[in-house]
Amino acid sequence: MCPRTRALHWTRVFSYAFVVRALLIVLWDGVASSSTQLQAQSWVLAADSVALMDSGEMHFRNYSKCSGKNDHDPSCSGFRMLDADFFSNAKMLEIQKGAEELNIPIIRSNRKLVASVNGGLENPSSLVFSSAWNHDHAHDAPKRFDYPSLSGVERPESDEDIAFMSILELGQLIKSKQITSEELARIFLNRLKRYGPVLESVITITEELAYEQAKRADELLAQGIYLGPLHGIPYGLKDIIAVPNYKTTWGSNSFKNQVLDIEAWVYKRLKSAGAVLVAKLVTGSLAYDDIWFGGRTRNPWNIEEYSTGSSAGPAASTSAGLVPFAIGSETAGSITYPAARCGVTALRPTFGTVGRTGVLSLSESLDKLGPFCRDAAGCAVVLDAIRGKDPDDLSSRNIPFSDPFAVDITKLNVGYLEDAEMDVVEKLRSKGVNMIPFKLNYTVDSAQGILNFTMDVDMLAHFDEWQRSGKDDDFEAQDQWPLELRRARVVPAVDYIQAQRARGRLIREVRDNFRVDAFVGNATDWELVSVGNLVGMPVIVVPTGFKPISDAPTKNTRRRTTITTGIYAPPDHDHIALALAMAYQSVTDHHKQHPPIGDLGPEDSIPNPPTRTIPPRQLRGLGF
């Protein structure tokens, strides 16, 4: 064929192909079946491939029609969402064919096998994360801490003062038989009924169970059996933790009538320690922030504000003296944020410290359970009761913590970041701690991005059916999980794995640069929260003071803004953070103050609903 004839031939092919393409796009727009749409999309790509043949040579294998701006083409849009529009037409056809023949059947098979039930309570991922830096040794069941013995503890006259006593103080009252567990349960049940609706912090009061367990605790003590410092002490659980015969709502309208016939591992541990469950406390819907199906939890120190964080109920209820302690959870800030906002002491322990069987799962490699308490000593007591290997939680471990009550803090080198509360630095220095300036260095561009990829994709795997069936349309806040999980749907598996590789690099860099025994820093810095959770390091949030609220309605208001700090330690060194927090609290009384939920002060009132809003979580860095 002569050059002129060949050129005329390919001009005609070029024209015919684009006519066919136009017809196929009409077909695409007019069909409803997804399989038919996929076939039509393949035909469109095929037509484009033919149209781009030039002079008898098929350059289409190296050419992508998406390389230009073609925002209205459905095939380009799909690949562009995956940041995969660099493929040639032929490769796109190959990918689509493979998806139809292989990927979709596998996806549907896996969904049927492991994704027909929401919540991630069954079929945990075999991709197990460990926060340990030394994997050389396995450890037996940990040795328990040696708790200090308090002397001279006397029962206060008012129930209000009893409600704000520490775990060790209440334990001494019970052990010395100045108060019974049933009396103590009554005091806290009354407070839950009175203030729970005000703070919107309580989902279910477990009154019948509480009196049953309290009576049992009193009977054991009468027989001379004392189970330890949690014997007869009331507490609350975040309502993602399953307790038989009671609703476990996950804070969600979709699951508010759910009863799980599961006894969560952490509940078993507390029951065996003699503690008394008095309430299931608010979790933000599906453990996201402080909005739940019954409202939005408020901050006891300024109830015009919201508490933030999904462990909203444990934080607000502990702060307000509705429970002596509570168990919350954190995947990304849900212990640290509400603890800081509500001014309570709370510990996010080393990842793997506390078993999570029977607990709503967001991310197997990020979820952690931890205590909210009146003080750091209380956190140590509760941690000691709930730590240890859970045989059904592959990530849990017997971590060989040293006794935090026996740590010699004068031998510690403790760093402090630029944003550290200097009062904490000076108080610890006065106690003999060597305090030095410190910066946590790493090269990963955005820990926040890694965290979001990990958490959102994992969460979607646990709530795949929920999203596919359209139940996310009923979620309490559409800018939260629904938005994030729709984005997660188009995260390629290869990029999820790449995020885990980046996470591994971050962990190694933090390990290599962690040249102090602990450091003091902001407990709510989002980047540091992200790093801490990705690495699995512990942090204890400590109240360090108060300041006036902004725009106070009167100068006599008793409402305050709490000031807190975080004390961070390497994984498996929670005892160091606890010891430093106890040392600080031994010379301060910020943690002993009572929030003004019953008396706001003269000329003060709360608008309903509150006018103060909390800005949504935002990613920073890398253009987010």
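Which helices do the buried residues of H16 pack against? The buried residues of H16 pack against H14 and helix H15 (464-468). The model is predicted, with local features needing pLDDT of at least 70 and side-chain atom pairs pLDDT 80 or more, while totals for chains, interfaces and linings use all residues. Residues are numbered from 1 along each chain as its sequence is written, and side-chain values use heavy atoms, without hydrogens and water.

Helices (H or I, at least four residues) are DSSP runs, numbered from the N terminus. In H16, the buried residues (under 20% relative accessible area, 1.4 Å probe, protein chains only) are Trp481, Pro482, Glu484, Leu485 and Ala488. They lie on the same side of H16, because their arc around the axis is only 165°. The arc is taken from the directions from the helix axis to the C-beta atoms.

Helix H14 (residues 447-462) packs with helix H16 (residues 481-488) at about 95°, and their axes are 9 Å apart. H14 is therefore roughly perpendicular to H16; that term covers angles of 65 to 115 degrees. Axes are lines fitted to C-alpha atoms over the stretch in contact, and angles run from 0 to 180 degrees between N-to-C directions. In contact (heavy atoms within 4.5 Å) are Asn452, Met455, Asp456, Val457, Met459 and Leu460 of H14 with Trp481, Glu484, Leu485 and Ala488 of H16.

A second pair is H13 (residues 422-430) and H19 (residues 574-585), whose axes come within 9 Å and cross at roughly 90°. H13 and H19 are thus roughly perpendicular to each other. H13 contributes Asp423, Val424, Lys427 and Leu428 to the contact, and H19 contributes Leu580, Ala583 and Tyr584.

Technical notes:
Helices (H or I, at least four residues) and strands (E, at least two) are DSSP runs, numbered from the N terminus. Angles under 35 degrees count as roughly parallel, over 145 as roughly antiparallel, 65 to 115 as roughly perpendicular and the rest as oblique. Buried means under 20% relative accessible area, exposed over 50%, partly exposed in between (1.4 Å probe, protein chains only).
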